[in-house]
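Me: Please take a close look at the hollow spaces in this model, above all the enclosed ones, and tell me what lines them. Some context on the fold would be welcome too.

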Amino acid sequence: MKYFHIIIATAIILAMFGCNSPEENGRKSQVILEMKRATDFHSYSHPEEAVVTHLNWNASVNFDDRIIRATAIYDIDASDDAERILLDCVDLKIEAVTVDGESVDWSMGPEQPFIGQPLSIPVNGNSQRISIQYASAPSAGALLWVEGEQPFLFTQSQAILARTWIPCQDSPGIRFTYEAHVDVPVGTMALMSATNPTQQSEDGHYDFRMDQPIPSYLMALAVGNVEFRAVGPHTGVYAVPELIDASEYEFGEMENLLVAAENLYGKYAWERYDLLVLPAAFPFGGMENPRLTFATPTIIAGDRSLVSLVAHELAHSWSGNLVTNSTWDDFWLNEGFTVYFEQRIMEAVYGREISEMLATLSYQGLVDEVDEIMDTNPDDTHLKLHLQNRNPDDGMTAIAYDKGYFFLRLIEETVGRDGFDKFLKAYFTEHAFTVMDTDQFIAYLKENLLNSEELLTAVNMDAWIFGAGLPANCPQVRSERIESVDANLIAWETGTMATEDLPWKEWVYQERYRFLSNLNDATPAERMKELDATWNISTTGNNEVLFAWLEQSIRSKYAPSYARLETFLINVGRRKFLTPLYRAMVETEQKEMALSIYEQARQNYHSVATGTMDELLAVD
Ligand code: BES
Ligand code: ZN
């Protein structure tokens, strides 16, 4: 606990002696910032009093009652005057707690919505190890248990759901190493965000190690009948037998992405980069669990056209997993940097034409979302968020991702790419395995890159970080291919271009998506029929294109698509698709259809998806 003591002691000394020189004032504000960094309104933990450093997790996973029974043994670092250590819990049944082998009188504090309860364990400055025996609830928010012939379990811990399956200091600013010993049903493989097996064990027992310290939101577990295939020396895929061949092909370029990423911002810190294809119920496109990205099967298109998602999750190995947002208010430091890095990887591997098409789509998504948020809660369009007393999930909008991206792109365009790359490489190297908050990043940026009035004025940081909407100096993206799609769309809509003359066959997915997602809301059903009859859009294997087609079908009330819509919504739990589709039904007076599909589909969805859909459809 020396670290926090030094900070606090220095702060007191500085306050007592009233430092005045600019240099000392700089140091003082740095110290105060460091103290502030520990404040995470979404966690009960008080790391300055006592903090976890290593977890030894022993668990058994039971599909019959949907319970994980486990013992979490933590090494801790307690300050001299520590009286307790606080951990976050949601719906965990605590059975026994010991400190250095002795049973203790633990207590559970009052519950707050989504934050849960503090588990308070009495310790003192000499305490070294705590052990908590517990069971998770069948309804644990992080877990999705898929039943049937092929049982599957996966976790999704980000942002604050790790506490629903492990009692932990669930704050992104607190890192720990871990080892785990997990028992699962014979015939399934267990995988974690750690060293992983490549073959199923005979007895259902698996051991794991994560020797690099990670925050709790990167704790991950998956259990299912999966196989492994290597696709490169440091890369491979896991998937169920039916998807393993398709996955091996789809993600066959992962090693190239990894090499491109290392060439940009330095050595990959996690040894291996593998990807696990999850059941379609996974609520996200991807999740950057260290060493093992979790991904939706909806990116398997058969032609590698959706790999930018892999570039994104891989990029998190630097932005997020190595340099981590201090609290969820600083989420843009994780996601904005990652979108920027993703685009750079895509440019390096597939060329600027493709990455600029992606940037154009991201710009359109951003403008739409800014408009929408400005109507309800303009403060949520600031990069720096204020999520106190709110669910951090509220901050998961295009702002962190795409406004963050365009802000970084603006800096790149202002200082030049070479200078920005050098800066970013140093940023990741100097801050590896530490946390970063927005104020600290601003200070680092001013000191190391934007070091003149001229540059500061050109970028206008305040408008981006603390201001609403999209600042006037937002970089312009131009993609000739996308412009040509837009011209074709106008020609088709005004009747000067026939359906069979559209260059659909030559278009890649980004162009097809642009066309479909920009169709006029009032496109009549007959014209939808014409499009499908000519180009077989409804049978596409590309789920992004299918999604855009289904959304437009709802708006056009094109009933022949509704059977496909229903099976899609029952099988796929990816929130990015669900929200616009259910919303389109609500907005076009087809809420009854939405409710009837949701009634069948809800049981297949993960809690982060049902949370959003329940609200959207006003179900309780
Ligand atoms: N880390 C995020 C997913 C996330 C964020 C989960 C916040 C829970 C809370 C992941 O890296 C991500 O951004 N996924 C995107 C994909 C991407 C290409 C933008 C997704 O799932 O859509
Ligand atoms: Zn991300």
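Reply: Happy to! For sorting linings by class, Ala, Val, Leu, Ile, Met, Phe, Trp, Tyr, Cys and Pro count as nonpolar, Asp, Glu, Lys and Arg as charged, and the others, including Gly, as polar. This is a predicted model, where local features need pLDDT of at least 70 and side-chain atom pairs pLDDT 80 or more, while totals for chains, interfaces and linings use all residues. Residues are numbered from 1 along each chain as written, chains are lettered from A and ligands numbered from 1 in written order, and side-chain values use heavy atoms, without hydrogens or water.

Let's start with the second largest cavity (points of a 1 Å grid over the protein atoms alone where a 1.4 Å probe fits but cannot get out; lining residues have an atom within 4 Å of a point). The second largest cavity has a volume of about 40 Å³, a volume being the space filled by probe spheres set on points joined across faces, edges and corners. Its lining holds six nonpolar and four polar residues, with no charged ones. The residues are Ser319, Val323, Thr324, Asn325, Leu333, Asn334, Phe337, Tyr427, Phe428 and Met436. At least two of them come from each of strand E20 (323–325), helix H6 and helix H9 (417–430); helices (H or I, at least four residues) and strands (E, at least two) are DSSP runs numbered from the N terminus.

H6 (331–350) also serves the largest cavity, where H6, helix H7 (352–376) and helix H8 (398–415) each give at least two lining residues. The largest cavity has a volume of about 90 Å³, and its lining has eight charged residues beside two nonpolar and two polar. Arginines in this lining include Arg344, Arg352, Arg409 and Arg417, and glutamates include Glu347, Glu356, Glu412 and Glu413. Tyr340, Gln343, Ser355 and Tyr405 are also among the lining residues. In total, the count is three cavities of 30 Å³ or more.

Now for an open space. The second largest pocket (an open set with protein on both sides within 12 Å along at least five of seven lines) has a volume of about 730 Å³. It is lined by 32 residues, and Leu144, Trp145, Val146, Ala281 and Asn604 are nearest its centre. Strand E9 (143–146), helix H3 (241–250), helix H17 (562–571) and helix H20 (607–616) each give two or more residues to this lining, with E9 giving the most, four residues. By class, the pocket lining has 18 nonpolar, ten polar and four charged residues.

Finally, the fold. The protein chain has 20 helices and 21 strands, and its C-alpha trace spans about 80 × 65 × 50 Å along the principal axes. Five strands form an open sheet of mixed pairing in the order E15-E16-E17-E19-E18; strands pair if DSSP finds at least two bridges between them. E15 (227–230) and E18 (286–287) are its edges, each pairing on one side only. E18 meets E19 (residues 292–295) in the antiparallel sense through two bridges, and methionine 287 has phenylalanine 294 of E19 as its bridge partner.

Another open sheet has three strands in the order E3-E7-E6, with antiparallel pairing. E3 (84–89) and E6 (107–108) are the edge strands. E3 and E7 (residues 117–122) are joined by six bridges, and leucine 87 has leucine 119 of E7 as its bridge partner.
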